[in-house]
Amino acid sequence: MSASFPPDVLAAATGIRLAAFDVDGVLTNGQLLLGPEGEEYKAFNVRDGQGLVMLRESGMAIAIITGRRSAVVAARMTELGIEYIYQGQRDKLAALAELEARLGIGPAQICYVGDDLPDLPVLKRVGLPVTVADGHPCCVEAARYRTRAPGGAGAAREVCELLMTAAGTLAAQYARYGL
């Protein structure tokens, strides 16, 4: 059913109340597809989306913190029921601080998933820093956990299942589908 996770990572994940994700390179493979009129296209993995829905339905707060602005991202996150969407964030720590204040939580209660240099300040601040399999070497060094899957190809689902395993909610989510 689900992957097994290192005991120390599961222990770090038990107090997480917010899962925050970068978009390009984490929820997508990092490619930017631009049309002739400047329209932007992104490919999202449907299994990552299912993981985000299950995590949200398990009671976890979920946020997106991304440096780019994209109508495609807004539409996809709205479709998935993601409440906290921060786009155009040059300073991702500012968005993180706003989330901490809004939710009444501290950095130790946050898992952040990033893949590249703009994510480093956040990865260094949160309680459970995660990078994707194909994350930048600096992110790999800063992360407590590195996914087996690359960005845009199941990495977000893996993190969602990690957090639900630690919270004891994964079995209930699987049971909804007859497992």
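## Histidine 136 and its contacts

Let's start with histidine 136, which touches Asp115, Asp116 and Leu117 once residues up to four places away in sequence are set aside. Please keep in mind that this is a predicted model. Histidine 136 sits in the loop between S7 and helix H6 (137–142). Is it buried or partly exposed? With a relative accessibility of 28%, histidine 136 counts as partly exposed.

For a sense of distance, take leucine 120, which is 16 residues from histidine 136 along the chain. The C-alpha atoms of histidine 136 and leucine 120 are separated by 9.8 Å.

## Aspartate 115, a buried acid

One of the contacts of histidine 136, Asp115, deserves a visit of its own. Aspartate 115 belongs to the loop between S6 and helix H5 (120–123). Leaving out residues up to four places away in sequence, its contacts are Asp22, Asp24, Gly25, Val26, Thr131, Val132, Gly135, His136 and Cys139.

Which side chain of opposite charge is nearest to aspartate 115? That is lysine 92, at 6.3 Å. A salt bridge needs a side-chain nitrogen of Lys or Arg within 4 Å of a carboxyl oxygen, and aspartate 115 has none, although this residue is buried.

## The sheet, strand by strand

Now for the sheet, which is open and has six strands. Reading across, the order is S5-S4-S1-S6-S7-S8, and the pairing is parallel. The edges belong to strand S5 (84–86) and S8, each of which pairs on one side only.

Helix H7 (residues 155–167) packs on this sheet. H7 touches S1, strand S6 (110–114), strand S7 (128–131) and S8, and the direction of H7 makes about 170° with that of S1.

Strand S1 (residues 18–21) is a handy place to follow the pairing. S1 pairs with strand S4 (residues 61–65) in the parallel sense over four bridges, and four bridges also join S1 to S6, again running parallel. Alanine 19 shows both partnerships: its bridge partner in S4 is isoleucine 62, while its bridge partner in S6 is cysteine 111.

Moving outward from S4, the parallel pairing with S5 has three bridges. Here isoleucine 65 has tyrosine 86 of S5 as its bridge partner. On the other side of the sheet order, S6 and S7 run parallel and are joined by four bridges. Glycine 114 stands opposite threonine 131 in S7, and that threonine is also among the residues that aspartate 115 touches.

## Two covered strands

How many residues of S6 are buried? Five of the five are, so S6 is largely enclosed by the rest of the structure. In a regular strand, side chains alternate between the two faces of the sheet. For S6, Ile110, Tyr112 and Gly114 lie on one side, with Cys111 and Val113 on the other, and all are buried.

S4 is mostly covered, with five of its five residues buried. One side of S4 holds Ala61, Ala63 and Ile65, the other holds Ile62 and Ile64, and both faces are covered.

## The aromatic pair

The structure holds one aromatic pair. Phenylalanine 5 and tyrosine 145 form it in an edge-to-face arrangement, 6.0 Å centre to centre and with 70° between the planes. Planes over 60 degrees apart count as edge-to-face.

Where in the chain do phenylalanine 5 and tyrosine 145 lie? Phenylalanine 5 is in the segment before helix H1 (7–13), and tyrosine 145 is in strand S8 (residues 145–146), so the pair ties together parts that are 140 residues apart in sequence. Phenylalanine 5 is buried, at a relative accessible area of 9%, and tyrosine 145 is buried too, at 6% relative accessibility.

## Alanine 11 in helix H1

One last stop is alanine 11, a residue of helix H1. Its relative accessibility is 47%, so alanine 11 counts as partly exposed.

Glycine 51 lies 40 residues from alanine 11 along the chain, and 20 Å separate the C-alpha atoms of alanine 11 and glycine 51.

Conventions: Residues are numbered from 1 along each chain as its sequence is written. This is a predicted model: local features need pLDDT of at least 70, side-chain atom pairs count only at pLDDT 80 or more; totals for chains, interfaces and linings use all residues. Side-chain values use heavy atoms; hydrogens and water are left out. Rings of Phe, Tyr and Trp (its six-membered ring) pair if their centres lie within 6.5 Å; planes under 30 degrees apart count as stacked, over 60 as edge-to-face and the rest as tilted. Buried means under 20% relative accessible area, exposed over 50%, partly exposed in between (1.4 Å probe, protein chains only). Two strands pair if DSSP finds at least two bridges between them. Contact means heavy atoms within 4.5 Å. Axes are lines fitted to C-alpha atoms, for helices over the stretch in contact, and angles run from 0 to 180 degrees between N-to-C directions. Lys and Arg count as positive and Asp and Glu as negative; His and the chain ends are not counted.
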